[in-house]
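Below is a short report on the interior packing, the enclosed spaces and some single residues of one protein chain. Please read it with the model open.

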Amino acid sequence: MDVMEIGLGHSLGLVSNEISTVLGSVIRTDPVALGRVADLVAEAPRVFVLGAGRSGLALQMTAMRLMHLGLDVHVVGETTTPAISRDDLLLVASGSGTTSGIVRAAETAVGVGAKVATITTDGSSPLAALSGSATIIVPAAGKLDRSGAASAQYAGSLFEQAVVLIGDALFHALWARSGQDADDLWPRHSNLE
């Protein structure tokens, strides 16, 4: 391979092409699920986000933007996160849809009457079953797939990138609905940096 085939520019093009393809598929496959998740976030008294590893980090980015919008948002596992209650929303991301701690949290949420929305690669997973029509399916390689067929990237990177961008799109859609402008959101940015 020459430097152009292994350089950063080549890799950036590969990532860009893969993410464009997978997000196009998400949009075409189930636009109703996208709308359902946005509605659940907008209607919930409180939103809790949970993911493991890089998926969790991606959802923390979403939580920050939803907070900027003025929503009551909590990251599961933080010391100040309260108990989830009836009508709250648990927004989860798990490529496999089987991550045990996340499935247990979703079961707990459902058990108290909260709703669950899921981002996953597997529509037949336990998490998808718990969230029903509020499941966004991302047709991306899971972290254990090393075949390169679904993605040339390493260990679920394409899924995690999709979670970040779905979260940003969710924020943008809700922001447009809210009628707020950027000046309305700005005072909610951290000033303790």
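## Second largest pocket

Helix 7 supplies the largest share of the lining of the second largest pocket, with 7 residues. The model is a predicted one. The lining counts 17 residues in total. Nearest the pocket centre lie L34, I136, I166, A169 and L170. Two or more lining residues come from each of helix 2, helix 3 and helix 7.

The volume of this second largest pocket is about 280 Å³. Its lining splits into 14 nonpolar residues, 2 polar and 1 charged.

## The cavity

How many cavities of 30 Å³ or more does the structure hold? There is 1. The largest cavity encloses about 40 Å³ of space. Its lining consists of V26, T29, D30, A33, L34, T135, I136 and I137. By class, that is 5 nonpolar, 2 polar and 1 charged.

Which element gives the most to this lining? Strand 5 does, with 3 residues. Helix 2, helix 3 and strand 5 (135-137) each provide at least two residues. L34 and I136 line the cavity, and both are also among the residues nearest the centre of the second largest pocket.

## Nonpolar cores

The largest nonpolar core has 35 residues. Within this core, V41, I119 and V138 touch the most other members. Several helices and strands give two or more residues each: helix 2 (8-29), helix 3 (31-43), strand 1 (47-51), helix 4 (53-68), strand 2 (73-75), strand 3 (89-93), strand 4 (115-120) and helix 7 (157-178). Helix 7 gives the largest share of this core, 8 residues. Helix 7 also gives the largest share of the lining of the second largest pocket.

A second core of 12 residues lies apart from this one. Its members include V92, I102, V116 and L127.

What does V41 touch, leaving out residues up to four places away in sequence? Its contacts are V47, L66, L71, L89, L170 and L174. One of these, L170, is also among the residues nearest the centre of the second largest pocket.

## L40 in helix 3

L40 sits in helix 3. Is L40 buried or exposed? Its relative accessible area is 4%, so it counts as buried. Beyond four places in sequence, L40 touches L89, K115 and A134. L89 is a contact of V41 too.

L40 and L90 are 50 residues apart along the sequence. In space, their C-alpha atoms are 9.7 Å apart.

## The aromatic pair

The structure contains 1 aromatic pair. A pair of aromatic rings is described by the distance of the centres and the angle of the planes. F171 and W175 form the pair, with 5.7 Å from centre to centre and 20° between the planes. The arrangement is stacked, because planes under 30 degrees apart count as stacked.

Both residues lie in helix 7. They are 4 residues apart, about one turn of the helix. Their accessibilities fall on either side of the 20% cut-off for buried residues. F171 has a relative accessible area of 11%, so it is buried. W175 has 24%, so it is partly exposed.

## Positive phi at D87 and A155

Most residues other than glycine have a negative phi. D87 has a positive phi of about 75°, although it is not a glycine. Where is D87 found? It is in the loop between strand 2 and strand 3. With 38% relative accessibility, D87 is partly exposed.

A155 also has a positive phi, near 50°, and is not a glycine. It is found in the loop between strand 5 and helix 7. A155 has a relative accessible area of 22%, so it counts as partly exposed.

## P187 after helix 8

P187 belongs to the segment after helix 8 (182-185). Its relative accessibility is 64%, so P187 counts as exposed. Along the chain, P187 and G123 are 64 residues apart. Their C-alpha atoms are separated by 39 Å.

Note on methods. Residues are numbered from 1 along each chain as its sequence is written. This is a predicted model: local features need pLDDT of at least 70, side-chain atom pairs count only at pLDDT 80 or more; totals for chains, interfaces and linings use all residues. Side-chain values use heavy atoms; hydrogens and water are left out. A nonpolar core is a set of buried Ala, Val, Leu, Ile, Met, Phe, Trp, Tyr and Cys residues joined through side-chain atoms within 4.5 Å. Buried means under 20% relative accessible area, exposed over 50%, partly exposed in between (1.4 Å probe, protein chains only). Contact means heavy atoms within 4.5 Å. Rings of Phe, Tyr and Trp (its six-membered ring) pair if their centres lie within 6.5 Å; planes under 30 degrees apart count as stacked, over 60 as edge-to-face and the rest as tilted. On a 1 Å grid over the protein atoms alone, a cavity is a set of points where a 1.4 Å probe fits but cannot get out, and a pocket is an open set with protein on both sides within 12 Å along at least five of seven lines; lining residues have an atom within 4 Å of a point. Grid points are joined across faces, edges and corners, and a volume is the space filled by probe spheres set on the points. Ala, Val, Leu, Ile, Met, Phe, Trp, Tyr, Cys and Pro count as nonpolar, Asp, Glu, Lys and Arg as charged, and the others, Gly among them, as polar.
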